[in-house]
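Work through the exercises below with the sequence and the model in view. Each task is followed by a solution in steps.

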Amino acid sequence: MDEARSMCMFFARTDMVSQAKGSAYVELKKTKVVCSVFDPREIPHQNEFSQLGQIFCEVKFAPFSCSRQRRPPAPDAEDKSLSVALRQALEPTVCRHLFPNYQIDVFVYIIENDGACLAAAINAAGLALADAAVPMFFRRWPTRL
C-alpha cells in the first residue's frame, strides 16, 4: 500500500513479424506481447456459406513468461479462455461483412506476463489488424458531453 507505482508505461511498435500481413509488439508495464495477423483465407471444414467472416484467435504463453512455474507447451484452460475473450473483443470492431466465408487469423504470443495480458493482447491485436489494413469500424466520440 505504501509503494508508489507509475500510472502508465506503454510501448508499442508495428511491423515486427516479416512473414505476417500485420504484426505488433506491445509492452504494458512488464507484460510483453507479440501479435501476428495473416491474410484472410477460406474457413476450413465449412459446408455452409457464411455471410459474415470469422476471426480465429489463438493465445499462447511462452514457457518462460511466468515466474512462478514453467508452462507446458500444450494449450491449457487459461490459453483457451484468453483466446475466446480476445475473439469476443475483436469481432465487433472488424468489418466481417466484407469477408464472407473467410476467416482472419490472429495469433498472440505472450512473452512476459505481469498481469493485464488480455489488455495487452487486445491492444496488440488492434494494432496488428490496422497494420494488416484489415477494414475496421471507426467510432468518433462526441466532442461535447
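## Exercise 1: Around Val106

Task: list the residues that Val106 touches, leaving out residues up to four places away in sequence.

Solution. Not counting residues up to four places away in sequence, Val106 touches Cys35, Ser36, Val37, Ile55, Phe56, Cys57, Glu58, Leu86, Leu90, Ala125 and Leu129. Contact here means heavy atoms within 4.5 Å. This is a predicted model: local features need pLDDT of at least 70, side-chain atom pairs count only at pLDDT 80 or more, and totals for chains, interfaces and linings use all residues. Residues are numbered from 1 along each chain as its sequence is written, and side-chain values use heavy atoms, with hydrogens and water left out.

Next, place the residue: Val106 lies in strand 6. Helices (H or I, at least four residues) and strands (E, at least two) are DSSP runs, numbered from the N terminus. Val106 has a relative accessible area of 0% and is therefore buried. Buried means under 20% relative accessible area, exposed over 50%, and partly exposed in between (1.4 Å probe, protein chains only).

Last, take a distance: 8.5 Å separates the C-alpha atoms of Val106 and Ala128, which are 22 residues apart along the chain.

## Exercise 2: The order of elements

Task: state how many helices and strands the protein has, and in what order they run.

Solution. The count gives 2 helices and 6 strands. Read from the N terminus, the order is β-β-β-β-β-α-β-α.

## Exercise 3: Strand 5 and its partner

Task: find which side chains of strand 5 point to the buried face.

Solution. Strand 5 covers residues 54-61. Ile55, Cys57, Val59 and Phe61 point to one face and are buried. Gln54, Phe56, Glu58 and Lys60 point to the other face and are not buried. The general pattern is that side chains in a regular strand alternate between the two faces of the sheet.

Now look at the pairing. Strand 5 runs parallel to strand 6 (residues 102-112), and 8 bridges join them; two strands pair if DSSP finds at least two bridges between them. Lys60 stands opposite Tyr109 in strand 6.

## Exercise 4: The largest nonpolar core

Task: name the members of the largest nonpolar core that touch the most other members.

Solution. This core has 28 residues, and Val37, Val106 and Val108 touch the most other members. At least two core residues come from each of strand 2 (22-28), strand 3 (31-37), strand 5, helix 1 (77-90), strand 6 and helix 2 (117-131). Helix 2 gives the largest share, 7 residues. A nonpolar core is a set of buried Ala, Val, Leu, Ile, Met, Phe, Trp, Tyr and Cys residues joined through side-chain atoms within 4.5 Å.

## Exercise 5: Two cysteines

Task: find how many disulfides the whole structure has.

Solution. The search finds 0 disulfides, a disulfide being a pair of cysteine sulfur atoms within 2.5 Å. For Cys35, the nearest cysteine sulfur is that of Cys57, 8.0 Å away. Cys35 is buried, with a relative accessible area of 0%. Cys57 is also buried, at 9%.

## Exercise 6: Asp105

Task: decide whether Asp105 is buried or exposed.

Solution. Asp105 is found in strand 6. With a relative accessible area of 5%, Asp105 counts as buried. Leaving aside neighbours within four places in sequence, Asp105 is in contact with Ser36, Val37, Phe38, Arg41 and Phe56.
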